[in-house]
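Me: I'd like to go through this model and ask what stands behind the labels people put on it. Can you take me through them?

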Amino acid sequence: MEEKRGNYSVTDLTSLEKLEPVRVRPGMYIGSTGPKGVHHCVWEILDNAIDEITNGYGDTAYVILNKDKSVTIIDNGRGIPVGIHPTKKISGVEMVYTELHTGGKFNHENYKTSGGLHGVGASVVNALSKWLEVEVHKDGRIYRQRFEHAYDEKYGRIMPGTPVTKLEILGKTNRQGTKVTFMLDPEVFSTIDYRFEIIDMRMMELSFQNKGITLILRDRRGEEEVEKTYHSERGLLDFIEYLNESKTVIHQEPILFEGERSIGNISLEGEVCVQFTDSSLENIASYVNNIPTSEAGTHETGFKTGMTRAFKEWAKKLNLAKDKNFEGDDLREGMTAIVKIRLTNPIFEGQTKNKLGNSEAYTLMNDLSYTKFYEWIEDHKDIATNLINNALEAAKRREKIKKISDAERKKVGKGTSPLAGKVAVATSRDKDVLEFIVVEGDSAGGSAKQARDRRFQAIMPSKGKIMNTEKQKLENVLGSEELRLFNTAIGTGTLTSFKLEDVKYGKIIIMSDADVDGYHIRTLWLTYIYRYMRPLITNGMLYLAQPPLYKVYKTGKKGTVQRYAYSDEELDAAKKEIGSGFNIQRFKGLGEMNPDQLWETTLNPETRTLLRVTIDDAARAERMVSLLMGDVVEPRKKYIYKHAEF
């Protein structure tokens, strides 16, 4: 049979104009069109305001959440240029908001360092907004321009970010700065819900990183306006105190240093704050030009290498490491660190800026860390000796744990796998479709085994509450039978032995009851995975199942009509939809559902709801895990009293 060939000519080629590429592929620019992307748009405009401040222009910025779901961001910087560009023949404001890769950050005379280096942030937000207004206070005048997703006469079609007014002069002013208000387009985003606590944490971090500046968050969405002001005079010292609030520190005065290094046209300003605690795990919060690098990068690796080198050299000098030694992981056990750099020409992996790639940043941070830690140790030999001895003890534990892990692997190799009879395995070998589901309780586990699709869903019933790994020593955690079972099933190993390429499942799903005990079990598993298998989270492989709270049903002549509700709001909607004469079943736990119900509501990929666990911000996640699961009681009490309703 002759293959059919269609004509393919120049008329089949499509050219996207102006901001259309952003509208067609928003994920390329903001990561997603879910909650993460919604907040990313706020960061893009806020980062522009912070860049002005950190480069010496202005000292205050506002984020205002308006009742109509729009957001206003104000700074007192220089104000966007309003003059007409000599070749483009449009104003600077119009250029910044309608042209990709336009801005003053490509020229280091205007911005030595910046977070929004690609020059796309402002225009991307405009492209994804229903409307956007810019107000510039500059040279004694107030200028304003409005953009909308509207018909553009030049292109003869509806275009994103179309200027619907010229740059107008509204009147006189005695202040400087830029005010941007935007309304994200519901046609682009699945939901537009700005979470106060996420913006709150980001602004708090920014104030810690930029001591002396003032940031103000106003939430006007409720009946009463909520306002919060962020200002730090001690910078990273305040930040590390905040992060370690729920931990027991082993030296009161943090290690704090800063310095500059350069190679060719790449210059780096680094500031580091370190404090050791009695925890068995490390936590590093790293930033480049105020942007959180939750997936680390070359600056973080350089910091680690330089620090390890300095401590190893001093271990020999102090005659502490004779026939034994330690590795960097041993030294960093219990360490909380904030690594903040300002870098010219940073190279990030993607516009969402999660990981730094510059090789120069590694070299410069390695040298800076080595020099500064070496100097600190010289002045603090007693504390350094204690830290080195702790590292040597950690090295002994690591060797012991390695022997235990090797023994477990040998068992599996001999066919004595601990999974037999404890995990209901799947028949497929395609890890992209395979799901590993941890189910709370033997009863629910039994139902889940019957309900699952055995081709791609493996079930591990959890006996109840696993240990609180935040409070346990490493050898106790790795000695837990249930956690060993989970580790063997997943196949990746833990901590420094973690290998993502060995993972056996595309999705790991935690399925617990929608009650207090269920939330506790979920938190215990999240704590363990966050601490010991974090790449599962950073690579988007960890999910939370969402079992329904209610079934609303009514039986009539035409049969039974039923709806499942996952919240009280959905319950109200289901009642209205079904009408009078309905019945309500409240599910108190997964064990109450029969296999058919469990499949339909919680296991069936076609009808279930899964929440993907993400780490948008490592510092926020670190603090919450420590606060909720750590040893220090008082901060947890404060949090519970504050959020008792939740």
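Me: Let's start with the charged side chains: what makes Arg218, Arg220, Glu225 and Glu227 a network?
Reply: They are linked to each other by salt bridges. A salt bridge here is a side-chain nitrogen of Lys or Arg within 4 Å of a carboxyl oxygen of Asp or Glu. Bear in mind that this is a predicted model, where local features need pLDDT of at least 70, side-chain atom pairs count only at pLDDT 80 or more, and totals for chains, interfaces and linings use all residues. Residues are numbered from 1 along each chain as its sequence is written, and side-chain values use heavy atoms, with hydrogens and water left out.

Me: How many salt bridges turn up in the whole structure?
Reply: The search finds 30.

Me: Why is the contact between aspartate 200 and lysine 228 called a salt bridge?
Reply: Their N to O distance is 2.9 Å, and the cut-off is within 4 Å, so the pair qualifies. Aspartate 200 sits in helix H6 (residues 196–209) and lysine 228 in strand E9 (residues 226–230), so the bridge ties together parts 28 residues apart in sequence. Helices (H or I, at least four residues) and strands (E, at least two) are DSSP runs, numbered from the N terminus.

Me: What makes aspartate 200 buried, and what is lysine 228 then?
Reply: Buried means under 20% relative accessible area, exposed over 50%, and partly exposed in between (1.4 Å probe, protein chains only). Aspartate 200 has 13%, so it is buried. Lysine 228 has 27%, so it counts as partly exposed.

Me: How do you know that arginine 398 and aspartate 330 form a salt bridge?
Reply: Their closest N and O atoms are 2.7 Å apart, so the pair passes the salt-bridge test. Arginine 398 is in helix H11 (residues 381–413) and aspartate 330 in helix H9 (residues 328–331), 68 residues apart. With a relative accessible area of 29%, arginine 398 is partly exposed, while aspartate 330, with 4%, is buried.

Me: And which residue does lysine 340 bridge to?
Reply: Glutamate 271, with the closest N and O atoms 3.1 Å apart. Lysine 340 belongs to strand E14 (residues 335–343) and glutamate 271 to strand E11 (residues 266–276), 69 residues away from each other. Both lysine 340 and glutamate 271 are buried.

Me: On to the sheets. What makes E20 and E21 edge strands in the order E20-E19-E21?
Reply: Two strands pair if DSSP finds at least two bridges between them. Strand E20 (559–565) and strand E21 (583–586) each have a single partner strand, so one side of each is left without a neighbour in the sheet. The three strands form an open sheet with antiparallel pairing.

Me: How do you know that E19 and E20 pair?
Reply: Strand E19 (residues 550–556) shares seven bridges with E20, so the requirement of at least two is met. Lysine 551 stands opposite tyrosine 564 in E20. Helix H17 (residues 568–578) packs on this sheet, touching E19, E20 and E21 (contact means heavy atoms within 4.5 Å). The direction of H17 makes about 160° with that of E20. Axes are lines fitted to C-alpha atoms, for helices over the stretch in contact, and angles run from 0 to 180 degrees between N-to-C directions.

Me: What is the strand order in the sheet with mixed pairing?
Reply: The order is E16-E15-E17-E18-E22, an open sheet of five strands. Strand E18 (residues 542–545) and E22 are joined by three antiparallel bridges, so they pair too. Leucine 544 is opposite leucine 611 in E22.
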